[in-house]
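Subject: Structure handover and what I found in it

Hi there,

Here is the structure I promised to pass on. Have a look through it first, and then read on for my notes.

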Amino acid sequence: MTDYCALHGLPEPVTGKDRQLMLYFYGDESGKAHNSPVVSLCGYAVDQGNIFRLNSAWGSRLELWGVPPIHMREIYHPDEHPKWLQVKREWGDKWPTKRDAMLADLALLIREFTPHFTQATGVVVDAKHFMSGACPRLSKKVGGDPIYLAFRRTVLPCIERAARANDDAGLGIIVDDDQDTAPAFHKWVNEIKHDNRESLGRNIKSLCFVDDKRFPLIQAADMLAYAARQRLVPPKPGDPVLPSDIYEKLTGGRIYEPKLLDAAELDRLELAEASK
């Protein structure tokens, strides 16, 4: 485990009598609050003993298909991305069929690891309703950012899950090293850790920013965030639609579905904030 942690910049678990249980959350977001009616932040909670195993299996699938690392926006807009454009040209008329088959194969891999080794989690937010001014108290709590709302409501249950096994269990958070979002994640984690209302925040032990091309579970999180977001925002005419069976595989047969914060649920949360 030491070599793997050093190679990938992950926190080293404590050993011996002071050994601490570590759960890792690999997450990614889909949609931008300023121009998307719906945003999501989703990912996978994985125990420390199975990260390498899943990463290795994912890499083998990509090699088998002969494709670059997964990024849903690139896959569905290949003409704008040279590596995927090359794959599209190589597959020719079979591109749509093989593309969906490839994504289904990767989703099946995640299904095979669920629920014993990894579990899907996340939140989808009706950003249009959230940003409309309909939820002033809820908005103030998360600095007016619906993705932060999704992050909080994703990460805290992960900590609770780990704490059920061990009161001192730690959570390591791994996200894409994106210059547009990394500062926000750093700020959010610090806020949760120092929020006196959320005692579990102290169990966040690390925040790592990684290259999504080298971390398969970030790619899987991207798939899940993209698929979950489609549950609230219908595709535009002419846009490709992710087959529903892929979403089912990514969520363990819909057992571990991301939570939907549609307009009605946001209004309910706003009322809850008002009653505090």
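Let me start with a question: is T154 buried or exposed? With a relative accessible area of 0%, T154 is buried. Before going further, please keep in mind that this is a predicted model.

**Single residues inside the fold**

T154 sits in helix α8, which covers residues 146-165. Leaving out residues up to four places away in sequence, T154 touches F25, L41, T121, G122 and V123.

One of those partners turns up again with F185, since L41 is also among the residues that F185 touches. The other contacts of F185, again without residues up to four places away in sequence, are E29, F151, V175, L207 and F209. F185 belongs to helix α9, and its relative accessibility of 2% means that F185 counts as buried. Its contact partner V175 is 10 residues away along the chain, and the two C-alpha atoms are separated by 8.3 Å.

Helix α9 runs over residues 182-193 and also holds I192. I192 is buried, its relative accessible area being 0%. If you measure from I192 to R202, you should find 8.0 Å from C-alpha to C-alpha, for a separation of 10 residues in sequence.

Next comes T118, in strand β3 (residues 118-126). Which residues is T118 in contact with, leaving aside its neighbours within four places in sequence? They are Y44, A45, V46, L54, I110 and F113. T118 is buried as well, at a relative accessible area of 0%. Its C-alpha is separated by 27 Å from that of E191, 73 residues away along the chain.

**Helix pairs**

Now to the packing of helices. Two packed helices are described by the angle between their axes and the distance between the axes, so I give both for each pair below.

I will begin with helix α2 (residues 51-65) and α10, whose axes come within 9 Å and cross at roughly 70°. An angle from 65 to 115 degrees counts as roughly perpendicular, and α2 and α10 are therefore roughly perpendicular to each other. On the α2 side the contact involves L54, N55, W58 and L62, while α10 brings in P216, L217, Q219, A220 and M223. Seven of the residues in this contact of α2 with α10 are nonpolar, two are polar and none is charged. L54 also appears in the list for T118 above.

Helix α10 itself covers residues 216-229, 14 residues in total. From its first C-alpha to its last, α10 reaches 20 Å, close to the 20 Å expected at 1.5 Å a residue. How many of the residues of α10 are buried? The count is 14 of 14, so "mostly covered" is a fair description of α10.

The next pair is helix α4 (residues 82-91) and helix α5 (residues 95-113), with axes that come within 8 Å and cross at roughly 120°. That makes α4 and α5 oblique to each other, and their crossing is right-handed. W84, V87, K88 and W91 of α4 make the contact with W95, K98, R99 and M102 of α5. By class, this contact of α4 with α5 has five nonpolar and three charged residues, with no polar ones.

The last pair is helix α6 (residues 127-134) and helix α12 (residues 263-274), which pack at about 40° with axes 9 Å apart. At that angle α6 is oblique to α12. α6 passes α12 in a right-handed crossing. From α6, the residues H129, F130 and A134 meet A263, L266, D267 and E270 in α12. The contact of α6 with α12 divides into four nonpolar, one polar and two charged residues.

**A backbone angle to look at**

Most residues other than glycine have a negative phi. R254 has a positive value, with phi near 70°. R254 lies in the loop between α11 (244-250) and β6 (259-261), and is partly exposed, with a relative accessible area of 36%.

Happy to talk any of this through once you have the model open.

Best wishes

How values were computed. Residues numbered from 1 in each chain as written. Predicted model: local features only at pLDDT ≥ 70, side-chain atom pairs only at ≥ 80, totals over all residues. Heavy atoms only, no water. Axes fitted to C-alpha atoms, helices over the stretch in contact; angles between N-to-C directions. Helix = DSSP H or I, 4+ residues; strand = E, 2+ residues; numbered from the N terminus. Parallel < 35°, antiparallel > 145°, perpendicular 65-115°, else oblique. Left-handed = near helix turned anticlockwise from the far one by under 90°. Contact = heavy atoms within 4.5 Å. Nonpolar A, V, L, I, M, F, W, Y, C, P; charged D, E, K, R; others polar. Buried < 20%, exposed > 50% of the residue type's maximum accessible area, 1.4 Å probe, protein only. Expected span 1.5 Å × (residues − 1).
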